[in-house]
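This report goes through side-chain contacts and surface features. The sequence and the structure come first.

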Amino acid sequence: FSYGFLFLLHHILRAAVALEEETIVSKLGDNATLSCIYRGRELPLKNLRVYWQIVDDQEECSVVHALISGQDNESEQCIQFKNRTQLFWDRLENGNFSLLLLNVSQSDERTYKCVVLQKTEYTKVIHQAKVALSLAASYSQPILSGPIRNGDSTGEEVTFSCRSGNGYPEPNVYWINKTDGRHLPPSELKITLHDDGTYSVFSTLKVKATSNMQIECSVENEILRENLSANYTQQKQTSGSSTESHKNLEKNGRGAQAAGIISIVILLGLLAVLICWLWKRRSSKLVSY
């Protein structure tokens, strides 16, 4: 289609009344359906032009997909959308001009506009739709590492670490003291962007040790409304007298086990003596005979 028509379409879009924007969420690598449904009467496709465009005047190329007179037109399609867009051909005549966008990535996280024009005596817009595409990926279950404490480490500074990955977009990370519900400021927070577009997060927390610590690390993905957490619980240790009693019980148990073994050895020895005595008595009777 001509540059003059593109210029006309550009001004039609700018002059259009503000549309209500639909927001959809898709995971990285999935296919996303951008909805555009015309509820009016059925119209012959040969009289229609359907355009999907990026809503951004700064873009050098804004055409995502074009349908002209019932045929796909790729002449003005942006290169990043080549072979990645499809209309639902079995639904077009029913007014469903939704677009399937394949294998979405971070660069597709934009706002799109669908414009349906009817060409009779003159060209007029009969339907528009606006869709914002947000992308996300679930983070892995956080791994929380806590210090191994001795009974006398209460009051010392201890360090916890928490890590998670393979998520998008950047997460919120929270440290929580579960004993009183307080949020604790992290000592370190490192978020790393990887080549595949996903993020990993590593955070540490330094706190004073207590006799009964309950610490939670929480990784939140706001777009997916996911909140994954890992918990560390340090059980309160028993008193010295209880520990000593436990040691005494263990010692007594070992003593009883040793006494049992000695008793068995003595019984076996007595049984051997009895057998020898019976054998000698039998032998003496045979000699007398």
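The text below covers salt bridges, aromatic pairs, a charge over a ring and a surface patch.

The model is predicted, and side-chain atom pairs count only at pLDDT 80 or more.

**Salt bridges**

Searching the whole structure gives three salt bridges. The table lists each pair with the N to O distance.

| Basic residue | Acidic residue | Closest N to O distance |
|---|---|---|
| Arginine 84 | Aspartate 108 | 2.5 Å |
| Lysine 178 | Glutamate 216 | 3.5 Å |
| Arginine 182 | Aspartate 180 | 2.7 Å |

Aspartate 108 and arginine 84 are joined by a salt bridge, with 2.5 Å between the closest N and O atoms. Aspartate 108 is in the loop between strand S7 (99–101) and strand S8 (111–119), while arginine 84 is in the loop between strand S5 (71–72) and strand S6 (85–87), so the pair ties together parts that are 24 residues apart in sequence. Aspartate 108 has a relative accessibility of 0% and therefore counts as buried. Arginine 84 is buried as well, because its relative accessible area is 16% and the limit for a buried residue is under 20%.

Glutamate 216 and lysine 178 meet through their side chains at 3.5 Å, N to O. This pair links distant parts of the chain, 38 residues apart: glutamate 216 belongs to strand S16 (residues 214–221), and lysine 178 to the loop between strand S12 (172–177) and strand S13 (182–184). Are the two partners buried or partly exposed? Glutamate 216 counts as buried at 11% relative accessibility, whereas lysine 178 counts as partly exposed at 41%.

The remaining salt bridge in the table joins arginine 182 to aspartate 180, with the closest N and O atoms 2.7 Å apart. Arginine 182 is partly exposed at 43% relative accessibility, and aspartate 180 is partly exposed at 44%.

**Aromatic pairs**

How many aromatic pairs does a search of the whole structure find? The number is three; two of the pairs are described here.

Phenylalanine 81 and tyrosine 112 form an edge-to-face pair, 6.4 Å from centre to centre and with 75° between the planes. Phenylalanine 81 lies in the loop between S5 and S6 and tyrosine 112 in strand S8, so this contact ties together parts 31 residues apart in sequence. Both phenylalanine 81 and tyrosine 112 are buried.

In the pair of phenylalanine 160 and tyrosine 232, the ring centres are 5.0 Å apart and the planes stand at 70°, so the arrangement is edge-to-face. Phenylalanine 160 is in strand S11 (residues 157–167) and tyrosine 232 in strand S17 (residues 226–233); the pair links distant parts of the chain, 72 residues apart. Phenylalanine 160 is buried with a relative accessible area of 0%, and tyrosine 232 is buried with 15%.

**A charge over a ring**

Arginine 91 lies over the face of phenylalanine 88, 4.3 Å from the ring centre.

**Surface patch**

Which residues form a nonpolar patch on the surface? They are Leu271, Leu274, Ile275, Trp277 and Leu278, and together they have about 510 Å² of accessible area. One of the patch residues, leucine 271, lies in helix H2 (residues 240–288). Leucine 271 is partly exposed, because its relative accessible area is 45% and partly exposed residues fall between the 20% and 50% limits.

Definitions and conventions
Residues numbered from 1 in each chain as written. Heavy atoms only, no water. Patch = residues over 30% accessible without salt bridge, like charges linked within 9 Å, V, L, I, M, F, W, Y side chains within 5 Å. Areas by Shrake-Rupley, 256 points an atom, 1.4 Å probe, with all protein chains shown as cover. Salt bridge = Lys/Arg side-chain N within 4 Å of Asp/Glu carboxyl O. Helix = DSSP H or I, 4+ residues; strand = E, 2+ residues; numbered from the N terminus. Buried < 20%, exposed > 50% of the residue type's maximum accessible area, 1.4 Å probe, protein only. Phe/Tyr/Trp six-rings, centres within 6.5 Å; stacked < 30°, edge-to-face > 60°. Lys NZ or Arg CZ within 6 Å of the ring centre and 35° of its normal.
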